[in-house]
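Got a protein in front of you and wondering where the words people use for it come from? Let's go through some of them, one question at a time.

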Amino acid sequence: MKKVITLALSLIPMVSDAALPPDVSWQTNNHEPLFASPDAKFGGTFRTSIDSFPQTFRTVGPDGNGRFRTWLLDGQPQLLQRHPDSLAWIPDIATHWAFGNDNKTIYMKLNPAAKWSDGVPLKATDFSYMLKFYRSKDIFDPWYNTFYTEMFDQINALDAHTIEIVFGKEMDKEDLLYFSHRLKPRPEHFYKPNQDANQDGVDDNFVRLYNFKPEPTLGAYHVGDIKKGKSITMEHAGKEWWGYSNRYYQHRYNPEKIRIRVIRDQDIAFKHFEKGDLDAFALGRPELWYDKTNSAPFQKGYIHKFWGYNQTEIGAGSFWLNTAKPQLGDRNVRKGIALALDIDGLNQNVFRGDFSRKPQGLGVGLGAFTNESLKPLPYDPQAAISSFTQAGFDRVGADGIRVNARGQRLSFAVTYSNQVMTPQLAYLKEQAKAAGLELTLNLVDGSSAFKYVLEKKHEISYHSMGSAPRPQYWEYFHSENANKPQNNNFTNYSTPQLDELIIKYRSVFSTKDKESLSREIQQVVHDANVIVPGVMAPYTREGYWRWIKYPDQPMQKKMEQLMTISGLYDLGLYWIDADVKKETQKAMKKGQAFEPVTIMDNQYKPR
């Protein structure tokens, strides 16, 4: 059993007795196994790419939920972390935590060494300001407004490094930890109120003023040089980064810079990788892993291959059906579409059987929060035709596409964000014709695609979302977000039943009750056929130049990627060996080769 240290208040000079209950007991946990390598070397520039320049550097408000957000916020430190293997709570921004006696309050002691990337020390008031910030109407983000108003009663700075978090409802201790650990402060000094600011300390023109003004971070990396439309360089805070005072951060985030080039075409990006212009590349696509890695850089051992399994949570998505669009409000049409999509055939014929079918469209791998009884509808053109007929599409046009009595064709556009998805959708398009369904392909490049979907302009969107260990449903299916732009209700689907279940899910006390409600919500959404589940992969496949090094045990249970590819989805365990880089470049000039290398890490492979 893992050890959690409980410390008496008298042992830690934190705040005055008047500010805390007299019997408060502080806890910490510095006894979990370390996962970084002491052999790691600091320095060098790691080179990666993204397929589009971000719409904004804001992380809230219009377009603030784009893919570049991982660099700016999602991958940054938070109050506590879960150990990526044992899943025990470990320190992050907070060094210690303690519970109040009312089932609503938790206290956090902040690391006094923590400072923002602009050199300003972190203050406890940055957390109380965070609450004001997220509740402000000037950020134009209803999800944050609602969540931070309903979930939290108040966040108080008890002294320079101690905060009190009071929730709006009673919860068990595990929930108190879970819903507080992910809190990330906002730098009050950066958003310093001026004559245009309201009482909440947010400028009336926040969206415009901060559109391309990245805020300071607490993480190892912050935005440095920006070449708009071309590249962004993330710069390290240096060897004196405050995070290294935390034992779990030592020997991590080793490159001094991460240079992110904008390369819109993934095939072109792969060619840059083969030339040595990029240090690592995702090889998840079968044609990359099996075919394109037969080239000289791989066969001569300059580039290595890595396949590592994980047990990370799988987020919601694959095919989101927008029920606000004509015909898609009919459940029979949606069910027919689900039956007409040959996902298993896609896996076998395009993905070469490497993936597996998602059982349902919401979170998978979430323990008791996941409804394990759900199964996806199989590819069945005849059953699809039956559903389409019930919806009134009882005729077949000259081109084989079904039509209804009004002459409307059974045709829907599928919006997607990357050219590499085209062969996948082309296969599904051909198979769907057997059911009289026409799918047209609507490629919208990069971040513009997500903006298109946030504006609810799509009919069907082909994309997936990330997931936390505990799923959130309000943003996806509550009526408050239906038929409104700039939120995650991509299906525009809601019902009074779902509203009631979602509100109960957010308000119940015990984790067990929350798990039960989660399974019920997943059942209702599954039966509505508003998300058609696609494929999932419990692993990462990556290529990297041989000068990139990593620990002897590369993968952790909850580790998405080994390298920093496109976004901060990794744990920062790798480093650049400058000597090996020189050796490799010298060998390439002389035409010398090394042994080809493929690493398989099966520790977390499903049994």
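**Why do we call it that?**

Q: Why is R470 called buried?
A: This is a predicted model, and in it R470 has a relative accessibility of 6%. Buried means under 20%, so R470 counts as buried.

Q: Where does R470 sit, and what does R470 touch?
A: R470 is in the loop between β21 (460-464) and α14 (474-477). Skipping neighbours within four places in sequence, R470 is in contact with E174, D175, Y178, F369, Y505, T511 and K514. Two of those names come back in helix α4 (residues 173-181), where D175 and Y178 are among the buried residues.

Q: What makes helix α4 "mostly covered"?
A: Look at its nine residues: seven of them are buried. They are D175, L176, L177, Y178, F179, S180 and H181.

Q: Which residues of helix α3 are buried, and what covers them?
A: In α3 (residues 142-150), you'll find Y144, N145, T146, F147 and Y148 buried. Their cover includes α1 (69-74), α2, β8 (152-159), α4, α14 and α15 (496-507).

Q: Why is P214 called partly exposed?
A: The partly exposed class runs between the 20% and 50% cut-offs. P214 has 21% relative accessibility, so it lands in that class. You'll find P214 in the loop between α5 (206-209) and β10 (221-227).

Q: How do you know that P214 meets residues from elsewhere in the chain?
A: Leave out residues up to four places away in sequence, and P214 still touches F57, L72, F190 and V223. Take L72: it is 142 residues from P214 along the chain, yet their C-alpha atoms are separated by 7.6 Å.

Q: What is there to say about the phi angles of D63 and R352?
A: Neither one is a glycine, but D63 has a positive phi of about 65°, and R352 has a positive phi of about 60°. D63 is in the loop between β3 (45-50) and α1, while R352 is in the loop between α10 (343-349) and β16 (356-357).

Q: Why is D63 called buried, and why is R352 called partly exposed?
A: Put each value against the cut-offs. D63 has a relative accessible area of 14%, which is under 20%, so D63 is buried. R352 has 39%, which falls between 20% and 50%, so R352 is partly exposed.

Q: What makes up the largest nonpolar core?
A: That core has 137 residues, and those with the most contacts inside it are I165, F319, I337 and M563. Its largest share, six residues, comes from helix α2 (residues 125-135). A second, separate core of 27 residues includes Y493, I502, L517 and I521. As a general rule, nonpolar side chains in soluble globular proteins tend to be buried together.

Q: What does F319 touch?
A: Beyond its neighbours within four places in sequence, F319 has contacts including L341, I343, V414, L425, Y462 and V532.

Q: How do you know that the radius of gyration agrees with a compact globule?
A: For 607 residues, a compact globule would have a radius of gyration near 25 Å. The protein has 25 Å, so the two agree.

Q: How much of the protein is buried, and how many helices and strands are there?
A: Buried residues make up 58% of the 607. The protein has 17 helices and 27 strands.

Definitions and conventions:
Residues are numbered from 1 along each chain as its sequence is written. This is a predicted model: local features need pLDDT of at least 70, side-chain atom pairs count only at pLDDT 80 or more; totals for chains, interfaces and linings use all residues. Side-chain values use heavy atoms; hydrogens and water are left out. Helices (H or I, at least four residues) and strands (E, at least two) are DSSP runs, numbered from the N terminus. Buried means under 20% relative accessible area, exposed over 50%, partly exposed in between (1.4 Å probe, protein chains only). Contact means heavy atoms within 4.5 Å. A nonpolar core is a set of buried Ala, Val, Leu, Ile, Met, Phe, Trp, Tyr and Cys residues joined through side-chain atoms within 4.5 Å. The radius of gyration is taken over C-alpha atoms; the globule rule is 2.2 Å times the number of residues to the power 0.38.
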